[in-house]
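Subject: Structure handover

Hello,

Here is the structure I promised to pass on. Please open it first, then read the notes below it.

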Amino acid sequence: MSKPLIGIVLGAILGAVDGLSAWFTPAVRDQISGIVIGSTVKGIIAGIAIGFFARKFHSLLLGLLFGLLVGAFLAYLVALMQHGYYFQIMLPGSMVGLIVGFATQKYGRTPQAAQA
């Protein structure tokens, strides 16, 4: 699978799991469906960015750092809109970015040049 495709698929799956982690915050349980959908979209966006970064730069360390930064930044934007719960939103979001960054660098395939 290509690096962007791994990023999208894994970002969507881990984003949904990230959203489901909101169940452990009783104050937002009534909003769980919106949180799961939003986290899935956030994971897809992060996966696209991380996948294309991984296609351009072939470094595991850079992929991990970029994934962590993208995940943390997107989670920070969500936490800013919520006016709170920074730790509860940013920690899982950062971990999603870190895992997707690792997986895209480690398991994604770079497109091969066409041979004439």
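D18 is buried, because its relative accessibility is 9% and the cut-off for buried is under 20%. Keep in mind that this is a predicted model.

What does D18 pair with? It forms a salt bridge with K42. The closest N and O atoms of the two are 3.3 Å apart. The pair links distant parts of the chain. D18 sits in helix α1 and K42 in helix α2, 24 residues apart. K42 counts as buried too, because its relative accessibility is 12%. Side chains of opposite charge can pair when their charged atoms come close. A search of the whole structure finds one salt bridge.

D18 and K42 also turn up around a cavity. The structure holds one cavity of 30 Å³ or more. About 50 Å³ of space lies in the largest cavity. Its lining is made by G15, D18, S39, K42, G43, A46, G71, L74, G93 and V96. By class, that is three nonpolar, five polar and two charged residues. Helices α1, α2, α3 and α4 each supply at least two of them. The largest share, four residues, comes from α2.

Next, the pocket. The largest one has a volume of about 440 Å³. It is lined by 19 residues, and the closest to its centre are A22, I35, V78, Q82 and I89. Which helices contribute to this lining? At least two residues each come from α1 (3-20), α2 (32-56), α3 (60-82) and α4 (86-107). Helix α2 gives the most, with five residues. The lining of the largest pocket has eight nonpolar, nine polar and two charged residues.

Last, the surface. A nonpolar patch covers about 680 Å². Its members are M1, L5, I8, V9, I13, V17, I48 and F52. Helices α1 and α2 each supply at least two of these residues. Here α1 has the largest share, with five residues.

Is I48, one of the patch members, buried, partly exposed or exposed? I48 lies in helix α2. It counts as partly exposed because its relative accessibility is 35%, and that class runs between 20% and 50%.

When you go through the model, start with D18 and K42, which form the salt bridge and are both among the residues that line the largest cavity. Then turn to the largest pocket, at about 440 Å³, and finish with the nonpolar patch of about 680 Å².

Best wishes

Notes: Residues numbered from 1 in each chain as written. Predicted model: local features only at pLDDT ≥ 70, side-chain atom pairs only at ≥ 80, totals over all residues. Heavy atoms only, no water. 1 Å grid on protein atoms, 1.4 Å probe; cavity = no way out; pocket = protein on both sides within 12 Å on 5 of 7 lines; lining within 4 Å. Points joined across faces, edges and corners; volume = space filled by probe spheres on them. Nonpolar A, V, L, I, M, F, W, Y, C, P; charged D, E, K, R; others polar. Patch = residues over 30% accessible without salt bridge, like charges linked within 9 Å, V, L, I, M, F, W, Y side chains within 5 Å. Areas by Shrake-Rupley, 256 points an atom, 1.4 Å probe, with all protein chains shown as cover. Salt bridge = Lys/Arg side-chain N within 4 Å of Asp/Glu carboxyl O. Buried < 20%, exposed > 50% of the residue type's maximum accessible area, 1.4 Å probe, protein only.
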